[in-house]
Amino acid sequence: MWRSACGLSVRAAERAIHRKCSHRLYAHNAEKPPPQSSPRTQAEKERRRRDKEEAILSSQHNNVEDQGMKWSEKERIAYSVSTPPGEKKDTTLPFPSSYSPEYVETSWYPWWEKEGFFTPEINDRLPHAVNRSFSMCIPPPNVTGTLHLGHALTVAIEDALVRWRRMQGYKVVWVPGCDHAGIATQTVVERRLFRERGKRRQDLSREEFLKEVWTWKKEKGEEIYHQLRKLGASLDWSRACFTMDPGFSSAVTEAFVRLCDSGLIYRSEGLVNWSCALESAISDIEVDSKQLSGRTLLSVPGYQNRVEFGTMVTFSYPIDGQDGEVAVSTTRPETMLGDVAIAVHPEDPRYQAVHGKQCRHPFADRLLPIITDTLVDMELGTGAVKVTPAHDHTDFLLSQRHSLPRLTVIGGDGTMTPLCGQWLEGVKRFDAREQVIDALTEKMLFRGKRDHAMSLPVCSRSGDVIEPLLKKQWFVRCGEMAQRAIQAVDEGQLEIIPHFYNKTWCSWLSNISDWCISRQLWWGHQIPAYRVTLSDSTDTQELWVWGRSEEEARERAAGKYGVTADAITLTQDPDVLDTWFSSGLFPFAMLGWPQQTSDLRQFYPNTILETGSDLIFFWVARMVMLGTELTGQLPFKQVLLHSLVRDKHGRKMSKSLGNVIDPLDVISGISLERLQEKVEEGNLDPRESMVAMEAQRKDFPKGIPECGTDALRFALCSYKAQGEDISLSVSQVLSCRHFCNKMWQTVRFTLGVLEDRGAELGTVEQTSPLNSMDQWVCSRLYSTVLQCEQGFERYELHSVTAALHSFWLHSLCDIYLECIKPVLSQDSGAGELGLIDTVHTGRGSQREKQVVRAVLYHCVSVSLALLSPFMPFLTEELWQRLYLLKGEGGDSAGASLCLQPYPQSSQLAHWHFPQEEADFTLVQEVVRVARSLRAQCGMTKEKPDMWAVCSPSQAQILVHFGPAVRTLGRITKLHLHCPQGAGSLSFPLAPPPPKGSAVGVVDHSCQLHLNVQGGVNVSKLSLQLSQRREKLLSKLEQSLSRTRVPNYLQKVPERVRIETENKISALEQELRNIEEQLSALQGPPKHNSGQK
């Protein structure tokens, strides 16, 4: 069931378009779901698809390799200790010198699972447990499939939410499951049966075939569960359910019986999506729309030669009893054998004289009434429409409105029925198409054929062209349930995130049709309905009953028809239920419904449903309707929808395009050769295969590097999932692997600094930062925790990952670690790691060092806890080593980071120093400009003196963070000069900087000066300054132009005007400084020796 298809509203719109394609003459379609807000024409969609393919095929090889994908094979370090499955990993081993995903990810998951960390029962062992629950189900993947990166996004998001709530002390249940995928599974097993034994399904009894399916399921059914474990999904495997399990099957039967009893399921004749190759009705999600721009030859199962589509045929019907004819157009001329009427618009002046007349069918010798209906669009085609109720959705609607007969002329096997006459009976439908055109030509009724852009519906399982057929099936009456689903959203009982889906939800459900749930398959839940035959009865009308068992059905039949049970013969409907019917019960059936189990009482309704936006109607809406009807409650309180994952070329990931990527290939790495083999194994269309393999050669010329699970999960959660579709780049995942290595090296450094001093470390509450940098990094951590809290609460995981990445990489590594190295320079542990800059002469006191070590430890430890929901393997590995260092009983089986309290900003309130954070932004700018000046003047290896010309308030900040400025900027001494005077400053100021110094502008009131006399390449520096001047002049003109717009003062907010004025002032100041530097470099003007 779980598949990343194209957006449902798009798919539904395309289905509706096809329904009109047979004639293209209707003004509208009453069954058509509302289109998206900005629908694209079919021709435009086809053009964009072709453009993407051509871009892949034509782009130059040397331009395609992503700059971020330049990589070399890293050393793979293996965890070599023999650890029985479920036993805790040994973290007392020497710390490897570099990060290796293979080493890190070994052994942790079996230990977590064996210890029961993923079950709600673990909550009883948590000291920080709260009396709240969090429940969610994973969208059950098809048992036939394997996961791709679209599914990995679902897992990454859901597991992050689950792990976050579990660490918060919630009683969490996240239930895994697998969908039996009726059509997909039966198709796979039928192919295997024919390949291995040369037998068709019909060669076996139903029981024998089902035995084959169960055998296949036992062999292949665990592949997806293996992938989920590799992805680190903290699912409660003790509650795993399969939709064909006995308990779940009982729930399906119960649901069907209850809905029948309440009149919401009924049996009727209606049009369904029919696959002639499968000989079964299929659901909308099994229908792919193939866009045709005109005449196209396509391969169709069962036909040796390719079949023509994308043409419109026009022919005429002679008017009975008088001269004249009515011309009609169709893309499916073979269906004209089932025509029962001709429809025109009542106001069309061309046909006023033929209202109520009749045309004679040239082959069936029956009369076709000419009816009038406003559904007809008189502007399209001839303005006259052939009506074929048994083979077209809109025509079926017309037959209901005008009491027209419905003649089925195409059978379930795709051949023409006896109603067509002996000349066509048994002929395959597309062969009959050509014979009908020839016959019309012979009778001189053929009027022409032309190219016609259309959307052709194709069965995604068999590749067959879908045929709308009239069948007696079981339907769910959706109207009232849909209205309750709309009301739930309107009244705020059900929240859909993002909220812009509310309008789509309302529009689609307002136009919903009844749902056909019959499928002509053997694999699935056989419909618990029984046809009743009464002894001695001559009535040919179908009689049906339903029941939880045949015995119950027999009792119901006896009571319903007033006979004894012995007088009844029951025959169970051989059809099975649509897979989506059982999937729609998942939120409560997985918890034991209809039994009132403890799980159902505790965890239903589910807290939230998270899934791809493409399933909002096929799955989400049906869960809401069925859940509300059967349990009296909404199945969940919130629906979180994420966008679809596309490849880097913007194409949706699809097996039919050959561009899906197995997440395990990103985790473990894969060669280009193996990637290409997978495409070849996919049995794709030759062109699609060519495009797919060329895209691989250009995207992954050396294959995909080993990135690891943690990097993949972190990268997936770093995208903004609610909004635009995600164009995933593996280079982004590789970048996250580099981040993992940064974390590894940080902890390695921390362990070296702490050595055996773990016992000296107090708790976070006991640790009070002393100096400015300690206070700043502690405050940055507080702010990061606050950002994580807010991001998680809003389900904006990208903001959480961005905050964590920024803190660890920039605040902790780039700034704080560099600043504390001089303080810790006498500590042997840090020195042994080769990370201390021995040039520094400053040394910290023992008390200061102790506080620095404590701050460092807690910054790392808290950050690991914050990152744990996204990077479960790496954070566990690193945290365990810190845990051992502190001597808190690391051998305890319950000591796992995934069960530690998630950091709260309230616990770090004493670490909040907002002024320190605000002031440090100036320091960062000064450091940036200082480094730029040193590089500009070719002094990257030196530590020169610099002058800062600034305001008194800025001077105060630079003195306060003096050590950080000197360390990060690699400055020996920073001289401070305030042109406005010292004011209330308590320290002496320096005189103005030397003339001719190189100048860098920090902001409109602060500049850095570097004396460049001696040892500077004057020509090179002059060129750099001149180039810089040109760029600044362009920026200045852009800023000034904004101030010249009419009514600038009235239209632009004061805040924006002030920012613009400051920017202009800073640019003007930097330009003046550059002019002065250029003048100084050029030296004094040379005087003519002849002058006096």
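This passage describes the confidence, strand pairing, cavities and local backbone features of a predicted model.

The predicted protein has an average pLDDT of 87, and 90% of its residues score at least 70. Confidence falls below 50 over residues 60-68, a stretch that nevertheless has 14 contacts in the model beyond near neighbours in sequence. A further stretch, residues 827-842, also stays under a pLDDT of 50. For residues 827-842 the model has 27 contacts beyond four places in sequence.

An open sheet is formed by 4 strands with antiparallel pairing, in the order β6-β5-β18-β20. Its edges are occupied by β6 (280-281) and β20 (515-516); each of these has a single partner strand, so one side of each is left without a neighbour in the sheet. Strand β5, which spans residues 265-275, is joined to β6 by 2 bridges, and the two run antiparallel. Within this pairing, Trp274 has Ala281 of β6 as its bridge partner.

Parallel pairing is found around strand β27 (residues 636-642). Of the 7 residues in β27, 6 are buried, so the strand is largely enclosed by the rest of the structure. Strand β19 (residues 495-497) pairs with β27 in the parallel sense over 3 bridges, and Ile497 has Leu640 of β27 as its bridge partner. Strand β26 (residues 606-612) likewise pairs with β27 in the parallel sense, here over 6 bridges. Gly612 is matched by His642 of β27 as its bridge partner.

Between β26 and β27 in residue numbering lies helix α19 (residues 616-631). Because 13 of the 16 residues of α19 are buried, this helix is also largely enclosed by the rest of the structure. Directly after α19, Gly632 adopts a positive phi of about 75°.

The search for enclosed space covered the whole structure and found 8 cavities of 30 Å³ or more. The largest has a volume of about 180 Å³. Its lining consists of 19 residues, and those nearest the centre are Asp647, Asn659, Ile661, Asp699 and Phe700. Helix α22 (residues 686-699) contributes the most to this lining, with 4 residues. By residue class, the lining of the largest cavity comprises 10 nonpolar, 5 polar and 4 charged residues.

The second largest cavity has a volume of about 140 Å³. It is lined by 21 residues, of which Ala181, Gly182, Ile183, Glu286 and Thr579 are the closest to its centre. At least two lining residues are supplied by each of α7 (182-197), β25 (576-577) and α16 (579-583). The largest share, 3 residues, comes from α7. The lining of the second largest cavity divides into 10 nonpolar, 5 polar and 6 charged residues.

Ala181, one of the residues closest to the centre of the second largest cavity, lies in the loop between β3 (177-178) and α7. Although Ala181 is not a glycine, its phi is positive, at about 50°. With a relative accessible area of 5%, Ala181 is buried. Gly182, another of the residues closest to that centre, lies 9.6 Å from Val143, C-alpha to C-alpha, while the two are 39 residues apart in sequence.

Val143 itself is placed in the loop between β1 (133-137) and α6 (149-167). Its relative accessibility is 2%, under the 20% cut-off, and Val143 therefore counts as buried. Beyond its neighbours within four places in sequence, Val143 is in contact with Cys178, Asp179, His180, Thr185, Trp216, Lys217, Lys220, Gly221 and Phe242.

Further backbone features were examined in loops. Most residues other than glycine have a negative phi, and most peptide bonds are trans. Arg970 has a positive phi, near 55°, and is a residue other than glycine. Arg970 is located in the loop between α32 (962-969) and β31 (973-977), and at 30% relative accessibility it counts as partly exposed. The peptide bond from Trp593 to Pro594 is cis, with omega near 10°; Pro594 occurs in the loop between α17 (586-589) and α18 (598-603). Tyr604 and Pro605 are also joined by a cis peptide bond, with omega about 0°. Pro605 belongs to the loop between α18 and β26.

Conventions: Residues numbered from 1 in each chain as written. Predicted model: local features only at pLDDT ≥ 70, side-chain atom pairs only at ≥ 80, totals over all residues. Heavy atoms only, no water. Pairing = 2+ DSSP bridges. 1 Å grid on protein atoms, 1.4 Å probe; cavity = no way out; pocket = protein on both sides within 12 Å on 5 of 7 lines; lining within 4 Å. Points joined across faces, edges and corners; volume = space filled by probe spheres on them. Nonpolar A, V, L, I, M, F, W, Y, C, P; charged D, E, K, R; others polar. pLDDT = per-residue confidence, 0-100. Contact = heavy atoms within 4.5 Å. Buried < 20%, exposed > 50% of the residue type's maximum accessible area, 1.4 Å probe, protein only.
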